[in-house]
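Visitor: I'd like a walk through this one before I go back to the bench. Could you take my questions one at a time?

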Amino acid sequence: MNFCTRIGLLAGLLISTFALTSHGQLAVRGADERFKADILVVVAHPDDEGAVTPYLARAIYDLHKRVAVVYGTHGSSGANNYGREHAAGLGDIREMEARESCARMGIKNVWFLDGKDTASQNVLNSLANWGHGPNLEKLVELIRLTRPDVIITSLPGVFIGENHGDHQAAGVLATEAFDLAGNPVVFPSQLAGASAHREIYLENLQAWQVKKIYYFPDANDEKQFSGTGPAYSIKEVSPSQKKPYWRIALDAATTHLTQYPADIERIQKMSDAEVEKMMSDPDGAWWTEPETLVFGKSYSSSKATDDVFVNLEGEPNQCQALSAKVPLPAAGTTVKLGGPWGYYRYFREAHCLGALRVAEPAEIAAMAGAQVYVPLTIVHAGNKALKLQLKVEAPKGWKVTSGEGEIALPAEATSEMRVEVETPALPASELKANGPQEIIVHASVDGTPAGDIKLRVQLRSHALPQ
Ligand SMILES: [Zn+2]
């Protein structure tokens, strides 16, 4: 009998709903307990898990929690800093590095979505290039399989920092899946049991409501998030492992050779005392002490700073249904920051994330010498055609190259456009000294003021494209 025939014959048995107990009684099979997780970590790239491994070490080794990880992409468009392989070949290697890193922490249940590594700061680019729909469906399925109480994922929002669109996309998908996985009419074929003999397409999973979702940012200034969720010491010594949580996390991170081989090789040559000294230096440490998990929301009532595993049960909160709507035509025309900022305004409303920290005014990092875009969304009063006047205030030495002046907009509900500003290619020494600088767009409609749109921009020698 060849292998394929054996699989074919087994199929009839595998989809059977019943099992015989030791007393010969028929019993319905339960969910596979090998895949039950307490925490599901949803991240974009291999090595992103490293942002929360100090907390995961605590959860796994000392709280005896089960952790599973889902990666959104294989990280295949980055540079290979170790070997010759690139593109899909590099993605294959990074999958193995990620699996080995997780295995070092005792995490065996690891899956990869089909997202394509997308180098930009715009979450909408990542969602488009990943294939938002199929990957959301897959993530909902993995939640129904792993049945986690808690999701930990990247922060969906725009901040000065790496601000990777893929990181944000992981957070967006995880938030959407939090709201959908418990709903029995969402992707129902995942939940349906076999209704006929040899019905092989239905998955027989269970609808599952995750109880809490926490985020971690890739912003430069992590201090701004202190107090927005529970904080855990990374320096505390694990009672079971007899070493600090950061040390367990560091040892797990050293599998990512294609990403930061020089750091790994340097650390491997250091004595324990030298590594400890490096990790206590704020400039050299890989993690901030303490590590704050930014509270997203809880299905039942729970305070932001409550411990992760407190208040998992109880009556559901009021705000759980999808509630964002396309705005009604405003009494007057409004002009607001659009693009990812506009999207996130609706996203936070739709997913009951009103308390999530937002940079105010809006901010972003950009490469010195590159264009900065200020995307605008114009909501027309009464869907009427109008004349928009834009005047731009930019820092000295910056040049407005497009979008200023009077623009005729057609009769429609909303219009999208952007102002483009060329930034100066300043030397690194000057960039270090400068803080964020502000672009202000003064908007008027048919001569009446319609809003001042602000964007703070931190110029740097390197940043992802906006
Ligand atoms: Zn990443």
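Visitor: What radius of gyration does the protein chain have?
Guide: This is a predicted model, where local features need pLDDT of at least 70, side-chain atom pairs count only at pLDDT 80 or more, and totals for chains, interfaces and linings use all residues. Residues are numbered from 1 along each chain as its sequence is written, and side-chain values use heavy atoms, with hydrogens and water left out. The globule rule, 2.2 Å times the number of residues to the power 0.38, with the radius taken over C-alpha atoms, puts a compact globule of 466 residues near 23 Å. The protein chain agrees with that, at 25 Å.

Visitor: What share of the 466 residues counts as buried?
Guide: Buried means under 20% relative accessible area, exposed means over 50%, and partly exposed is in between (1.4 Å probe, protein chains only). By that yardstick, the buried share of the protein chain is 48%.

Visitor: How many helices and strands does the protein chain have?
Guide: Both are DSSP runs numbered from the N terminus: helices are H or I with at least four residues, strands are E with at least two. The tally comes to 11 helices and 19 strands.

Visitor: In the open sheet of four strands, which ones stand at the edges?
Guide: Strands count as paired if DSSP finds at least two bridges between them. The order is β11-β13-β17-β15, with antiparallel pairing. Two of these strands each have a single partner, so one side of each is left without a neighbour in the sheet: β11 (334–337) and β15 (399–402).

Visitor: How many bridges join β13 to β17?
Guide: β13 covers residues 371–379 and β17 covers residues 414–422, and they run antiparallel. One spot to look at is V379, which stands opposite T414 in β17. The bridges between the two strands number nine.

Visitor: Which helix packs on the sheet?
Guide: Look for a helix touching β11, β13 and β17, where contact means heavy atoms within 4.5 Å. Its direction makes about 100 degrees with that of β11; axes are lines fitted to C-alpha atoms, for helices over the stretch in contact, and angles run from 0 to 180 degrees between N-to-C directions. That is residues 339–350, helix α10.

Visitor: Is D306 buried or exposed?
Guide: D306 lies in the loop between β10 (294–298) and β11. Its side chain makes polar contacts with those of S302 at 3.1 Å and N311 at 2.9 Å. (A polar contact is a pair of N or O atoms within 3.5 Å; within protein, one must be able to donate a hydrogen and the other to accept it, and residues adjacent in sequence count only if both atoms are side-chain atoms.) D306 also touches K212, Y214 and P230, and at 14% relative accessibility it counts as buried.

Visitor: Which residue meets E141 in a salt bridge?
Guide: A salt bridge is a side-chain nitrogen of Lys or Arg within 4 Å of a carboxyl oxygen of Asp or Glu. E141 is buried at 15%, while its partner is partly exposed at 36%. Both lie in helix α5 (residues 132–146), three residues apart, about one turn of the helix. At 2.8 Å, N to O, the partner is K138.

Visitor: How many salt bridges does a search of the whole structure find?
Guide: R34 and D32 make one of them, with their closest N and O atoms 2.6 Å apart. K243, R247, D251 and D272 are linked in a network. The search gives 16.

Terms used: Lists of a residue's contacts leave out its neighbours within four places in sequence.
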